[in-house]
Amino acid sequence: MAKPKIAIIISSTRDVRFGEKPAKWVYDIASARADLEVELVDLKEWPLPFFNEVASNAWAPTQNEVGQRWQKKVAEFDGYIFVVAEYNRSITAALKNALDFAYPEWNKKAAAAVGYGSVGGARAIEHLRNIAVELQMAPTRTGVHIQGGDFMAVWQQGKDIRELTYLEPNITSMLDELVWWSNALKTARAAG
Ligand SMILES: Cc1cc2nc3c(=O)[nH]c(=O)nc-3n(C[C@H](O)[C@H](O)[C@H](O)COP(=O)(O)O)c2cc1C
């Protein structure tokens with residue numbers, strides 16, 4: 001069976017964002033593995049308007065051209081790693097909008113999360129897991145949380161994110177679970 005294709009989705013879009021750092025860190029670790037293929041998908045490069053369609057594309061085709069392209073992009077993957085910024089205890093508006101802009105393309109796919117913030121993005125990631133249920137995704141148990149002093153040190157004090165080696169076992173567990181679910185769901189989708 002072909003390796004599962006995994007998107008690493010950067011969820012924050014502001015010019016001075018931190019999100020690129022953990023995304024590239026996880027990308028480097030994931031791309032060194034032989035059991036998956038990874039691609040960075042940056043929401044900043046997807047100028048989706050605020051959702052203004054007659055319905056979710058579960059029910060009616062999307063008219064917006066960027067939305068249509070986004071759906072095709074989402075459909076390319078067997079699983080996703082969301083790089084989660086926590087804004088007011090939830091995910092970013094940009095990520096929620098991007099999630100709302102597709103439906104069948106997310107269905108029966110696996111989802112993992114890497115968060116950062118005062119509590120490692122934990123509250124936003126729990127919201128994301130709840131949303132994933134409605135999108136018929138399988139969220140992994142293990143997430144990666146860059147929190148507290150470590151987040152501040154990398155964000156504001158110039159510490160190299162690769163020094164957070166104690167998080168690497170978490171990344172390995174998360175990727176192991178993501179690959180398992182991605183392969184299982186890929187087989188099941190192919191079987192109809
Ligand atoms: C609008 C806004 C709301 C925020 N709310 C939270 C929050 O609820 N919890 C938290 O830990 N950090 C919060 N922060 C701080 C972010 O964790 C921090 O700014 C982080 O760098 C945001 O990710 P980004 O740089 O990729 O945009 C907030 C930041 C912004 C801009």
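Here are legends for close-up views of the ligand site, the largest cavity and the largest pocket.

The model is predicted, so to speak on paper only: local features need pLDDT of at least 70, side-chain atom pairs count only at pLDDT 80 or more, and totals for chains, interfaces and linings use all residues. Numbering runs from 1 along each chain as its sequence is written, and side-chain values use heavy atoms, with hydrogens and water left out.

**View 1. Who sits around the ligand**
The shell counts 16 residues, and S12, R14, F18, Y87 and Y116 come nearest (near means a heavy atom within 4 Å). By class, it splits into six nonpolar, five polar and five charged residues. For the sorting, Ala, Val, Leu, Ile, Met, Phe, Trp, Tyr, Cys and Pro go down as nonpolar, Asp, Glu, Lys and Arg as charged, and the others, Gly among them, as polar. β4 (110–117) and α5 (148–156) each chip in at least two shell residues; helices (H or I, at least four residues) and strands (E, at least two) are DSSP runs, numbered from the N terminus.

**View 2. Polar contacts of the ligand**
Here a polar contact is a pair of N or O atoms within 3.5 Å. A side-chain N or O atom of S12 lies 2.6 Å from a ligand oxygen, and a side-chain N or O atom of Y116 is also 2.6 Å from an oxygen of the ligand. G19 joins in through its backbone, with a polar atom 3.0 Å from a ligand oxygen. On its own the ligand exposes 610 Å², and the protein buries 76% of that (Shrake-Rupley areas, 1.4 Å probe).

**View 3. The largest cavity**
The structure holds one cavity of 30 Å³ or more. On a 1 Å grid over the protein atoms alone, a cavity is a set of points where a 1.4 Å probe fits but cannot get out, and lining residues have an atom within 4 Å of a point. The space inside the largest cavity comes to about 60 Å³, the volume being what probe spheres set on the points fill. Its lining includes A111, I125, R129 and P139. α4 (122–134) gives the largest share, four residues. The lining has seven nonpolar, one polar and one charged residues.

**View 4. The largest pocket**
A pocket is an open set of points with protein on both sides within 12 Å along at least five of seven lines. This one has a volume of about 150 Å³, and W59, K96, D100, Y103 and E134 are among its lining residues. α3 (93–100) and α4 each give two or more residues, with α3 giving the most, three.

Methods:
Polar contact = N/O pair within 3.5 Å; in protein donor to acceptor, adjacent residues only side chain to side chain.
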